[in-house]
Amino acid sequence: MLAHAAQSSTPSERPPSKLARRLYISHFLSTWNSRVFEFGAVLYLASIYPGTLLPMSVYALSRGVAAILLAPAVGNYIDTGNRLQVVRVSIGPVLQRIVVAASCVIFYLLAIGQPILSEIDNTLLVALALLACVEKLSSIMNLSLCIDSSSHAMNAQMRRIDLICKLVGPLAIDLVDGVSTKIAILFNLGMNICSVVVEYFSIARVYYEVPELQQPKTKAALDKPSTESDQHNGVARLWHYCHRITHKALGDFTSYFRHPVFLPSFSGAFLYLTVLSFAGQMVTWLLSTGYDSTQVGIARTLAVTFEVLATWIAPWLMGRIGTTRAGLWLANWQIASLVAGISIFWMFPNQPLISASGLVGGTILSRVGLRGFDLCVQILVQEGVEAENRGNFSSIEAAWQNAFEIGSYISTIVFSRPDQFGWPALISIIAVGIAGILYTVFARMQRGHSIHVPKWIAAPGILKQTRERCLERISSASNI
C-alpha cells in the first residue's frame with residue numbers, strides 16, 4: 001500500500017528517492033528488530049528452560065494460531081482504517097515496540113532467576129505467549145502495508161531488505177548471546193527503543209508527502225449491514241457477518257481444491273510441517289546437544305546463504321528444463337539431502353555432536369531444494385491462477401501453510417525432550433516426501449510422464465539397435 005503510493009508519486013510533486021529512502025529506512029528498522037527479536041526469543045527460552053522443547057513449542061504455537069485466527073481481522077483493519085493510524089499502530093511505539101519491550105523485560109526477569117519469581121514462572125510464560133501473538137499480528141500488518149505487487153522495483157528492494165535482516169540479524173544476536181543471555185536481552189531491548197523514533201517519523205513523512213495516502217477509504221458494500229434495523233441490533237450484525245464470512249470461506253476452500261494448480265500449491269504448503277528449518281525447535285535442540293549459540297548462528301547463516309544461492313539456481317534451471325521439471329528436480333534434491341542427514345543422525349545415536357552435525361549438514365543442503373521448489377510453485381500459481389482469484393487462492397494457501405506449521409509445533413510438544421527430537425525430524429521428512437509425491441502426480445498430469453527420457457535414448461532406431469545388441473550379448477553369454 002505505502003510502497004505503491006510512494007512509487008506512483010510524480011517527480012514534479014516530490015523527490016521519489018527521498019520518499020523511497022524514508023520508506024526503506026523504516027522498513028529496515030522494523031524488519032531488523034522483528035528478525036532479531038524472533039530469533040533472540042528462541043535463544044532466551046533455550047537458556048531459561050534448558051533440557052526441554054515444550055516452552056519454545058508453546059510460544060511458537062501461540063504465534064501460529066494467532067496468525068490463522070486473527071489475520072483476516074488485521075486485513076479488514078488495514079482495508080478500512082485510517083492509513084497513518086494503521087501504520088503507526090503497526091510499527092510505532094503504540095503497539096509493536098511496546099510489545100517487544102515488554103517481552104524483553106519478562107525474558108530478563110526469567111533469566112535472572114530470582115526465587116520470588118519462581119512462583120509466577122508459568123504466568124510470565126503465558127504473558128510471553130500472549131505478547132508473541134500481538135507481535136506476530138503487528139508484523140503481518142507491517143508487511144501487508146509495505147508491500148504491493150504492482151510496485152515491482154520497490155517490492156524487490158523490500159525483499160532484499162528482508163533477506164539482509166534474515167541473514168545478519170540472527171547472527172548478530174547470536175554473537176551477543178554467546179557472551180551472555182542477559183546482555184543479549186538488554187541489547188535487544190535497547191535497539192528496539194532507540195529505533196522507534198526514526199521509524200515513527202520516517203513513515204509519517206511518507207504519509208504526509210503522498211496525497212494518495214490521505215484519501216479517505218470507503219467500505220465495500222458487503223461490509224454494510226443488510227437492513228437498517230441491523231444497525232441497531234448487535235447480535236443480528238454479528239450473525240450476518242459470521243454467516244457471510246463462513247459462506248465465503250467454504251466457497252474459497254472449494255475453489256482451491258478444484259483448481260488445476262492445487263497440487264503444487266498444497267505440496268508447497270506441506271513443506272511447512274517441518275522442524276528442520278533452523279527455527280525455534282531445531283535451535284533449542286541443537287543448544288541441548290552441545291552446540292553453542294555462535295555455532296548455531298553460523299549454521300543458520302550457511303543455510304540462508306544456500307537459500308540465496310537457490311534464487312540463482314532455480315531460475316537458471318527453469319530456463320533450461322522448464323518450471324514443472326525444475327520443481328521436480330529441486331523437490332528430489334531436498335528429499336535426498338534430508339534423507340542423507342537423518343541417516344547420519346540415526347547411525348550415531350551415542351555421539352550427539354556427530355549425529356546433530358549430520359542433520360545440520362543435510363538441512364543446510366536441503367535449503368537449495370526448498371527455496372528453489374518454492375520459487376517454482378510460486379511461478380506455477382501466478383501463471384495458473386486467474387487474476388481475479390489470486391487473492392482468495394493465496395489466502396487459502398496461507399491458511400494451509402499456517403496449519404501445517406502448527407502441526408510442526410505440536411510434534412515438539414508431544415515429543416518435548418531433546419532426546420526425542422528424532423521423531424519430529426522423521427515426521428518432517430515424511431511430510432517432505434508426501435509433498436514430493438503430490439508434486440510428482442501434478443508433473444505427470446501436466447507432462448504425461450514422470451521421468452524424462454533423453455531423445456537419443458527415446459529415438460526408435462536407437463532403441464532397436466540397443467535391444468538387438470543386448471540380445472546378442474545374452475546369446476553369446478549363454479553359449480559360453
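Helices, as the term is used in these legends, are DSSP runs of H or I spanning at least four residues. The structure shown is a predicted model.

**View 1. Overall make-up of the protein chain and two of its annotated segments.** The protein chain holds 18 helices and 0 strands, and buried residues account for 46% of its 480 residues. Among the contacts in the protein chain with a separation of 6 or more, 82% join residues that lie 24 or more positions apart. An unreviewed UniProt entry lists "transmembrane region" for residues 23–46, 58–78, 98–117, 123–145, 261–286, 298–317, 329–348 and 421–442. Residues 298–317 are 100% helix and 0% strand, with 28 Å between the C-alpha atoms at the ends. Residues 261–286 are 62% helix and 0% strand, and here the end C-alpha atoms are 37 Å apart.

**View 2. Helix α12 against helix α13.** Helix α12, formed by residues 293–321, packs with helix α13, formed by residues 323–347, at an angle of about 130°, and their axes are 7 Å apart. Because angles from 65 to 115 degrees count as roughly perpendicular and those over 145 as roughly antiparallel, α12 and α13 are therefore described as oblique to each other. Their crossing is right-handed. On the α12 side the contact is made by A314, L317, M318 and I321, and on the α13 side by T323, R325, A326, W329 and L330.

**View 3. Helix α12 against helix α14.** The packing angle between α12 and α14 is about 40°, with the axes 8 Å apart. This angle makes α12 oblique to α14, and the crossing of α12 and α14 is right-handed. From α12 the contact draws on A299, L302, A303, F306, E307, A310, I313, A314, P315 and M318, which face a set in α14 made up of V360, I364, L365, R367, V368, R371, G372, L375, C376 and I379. One of these α14 residues, C376, is buried, with a relative accessible area of 0%.

**View 4. T311 and R371.** T311 has its place in helix α12 and is partly exposed, since its relative accessible area is 44% and the partly exposed class lies between the limits of 20% and 50%. Although T311 and R371 are 60 residues apart along the chain, their C-alpha atoms are separated by 7.3 Å. R371 is also among the α14 residues that make the contact with α12.

**View 5. Helix α10 and its crossing with helix α14.** Helix α10, residues 262–270, is mostly covered, with 9 of its 9 residues buried; these are F262, L263, P264, S265, F266, S267, G268, A269 and F270. The axes of α10 and of helix α14, residues 352–384, come within 9 Å and cross at roughly 145°. The crossing of α10 and α14 is left-handed. Four residues of α10, namely P264, S265, S267 and G268, meet F373, V377, L380 and V381 in α14.

**View 6. Two cysteines in a model without disulfides.** C133 counts as buried because its relative accessibility is 17%, a value that falls under the 20% limit for that class. C376 is likewise buried, with a relative accessible area of 0%. A search of the whole structure finds 0 disulfides.

Methods. Residues numbered from 1 in each chain as written. Predicted model: local features only at pLDDT ≥ 70, side-chain atom pairs only at ≥ 80, totals over all residues. Heavy atoms only, no water. Disulfide = S-S within 2.5 Å. Buried < 20%, exposed > 50% of the residue type's maximum accessible area, 1.4 Å probe, protein only. UniProt positions renumbered as here; feature names shortened; annotations may be inferred. Helix = DSSP H or I, 4+ residues; strand = E, 2+ residues; numbered from the N terminus. Axes fitted to C-alpha atoms, helices over the stretch in contact; angles between N-to-C directions. Parallel < 35°, antiparallel > 145°, perpendicular 65-115°, else oblique. Left-handed = near helix turned anticlockwise from the far one by under 90°. Contact = heavy atoms within 4.5 Å.
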